[in-house]
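The exercises below are meant to be worked with the sequence and the model side by side. Try each task before reading its solution.

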Amino acid sequence: MRTELSFTPHPLLRRRIDYITDADRAHEAAGLKVQTFCVGVGEPADLLDIVRRLLSGSVGRRGRKRKHVAWEVTLHPTDSAGATAAFRSREEMERVAREVISEFGAQNALVGFHGLQDIHILML
């Protein structure tokens, strides 16, 4: 499994949510079925409300502003040679996503599946 971890600054949060939810339908146009679910919130836009509340309060150690508000973990399955492969099923993808969320201890997250190709997990 190839895994990428990136930090998401506040100004780019909406862009990442739009990418994961396929707001511009680019993944759909490429023939990939996009499915999403949220953890701890009702819909993806609720993540923005939580971030606004977090940023309006105390801003961390010694008055420094938070630079990053979310982590994004992207998971791509690979075959034995290391080439990109596909997950076996949506159920497998959901199990892997929930395990990653649990491992990070995230209480609020957006999970997106782009076909069986990859998983995107945006965690506050």
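**Exercise 1.** Determine which elements the buried residues of α3 pack against, and which face of the helix these residues occupy.

*Solution.* Begin with the packing partners: the buried residues of α3 pack against α1 (13-21), β3 (68-76) and β4 (109-114), where helices (H or I, at least four residues) and strands (E, at least two) are DSSP runs numbered from the N terminus. The model is a predicted one, in which local features need pLDDT of at least 70 and side-chain atom pairs count only at pLDDT 80 or more, while totals for chains, interfaces and linings use all residues. Residues are numbered from 1 along each chain as its sequence is written, and side-chain values use heavy atoms, with hydrogens and water left out.

Next, list the residues themselves: Leu47, Leu48, Ile50 and Val51 are the buried residues of α3, buried meaning under 20% relative accessible area, exposed over 50% and partly exposed in between (1.4 Å probe, protein chains only). Viewed down the axis of α3, these buried residues fall within an arc of 160°, so they line one face of the helix; the arc is taken from the directions from the helix axis to the C-beta atoms. The face turned away from the buried side of α3 carries the exposed residues Arg53 and Ser56.

**Exercise 2.** Find the salt bridge between Asp49 and Arg52, and state how far apart the two residues are in helix α3.

*Solution.* A salt bridge is a side-chain nitrogen of Lys or Arg within 4 Å of a carboxyl oxygen of Asp or Glu, and the side chains of Asp49 and Arg52 satisfy this at 2.7 Å, N to O. Both residues lie in helix α3, three residues apart, which is about one turn of the helix. Asp49 counts as partly exposed because its relative accessibility is 35%, and Arg52 likewise counts as partly exposed, at 47%.

**Exercise 3.** Decide what surrounds Asp118, and whether this residue is buried or exposed.

*Solution.* First place the residue: Asp118 lies in strand β5 (residues 118-123). Asp118 is buried yet has no salt bridge, and the nearest side chain of opposite charge, Arg2, is 7.1 Å away; here Lys and Arg count as positive and Asp and Glu as negative, whereas His and the chain ends are not counted. Then, leaving aside neighbours within four places in sequence, Asp118 is in contact (heavy atoms within 4.5 Å) with Leu75, His76, Phe87, Met93, Gly112 and Phe113.
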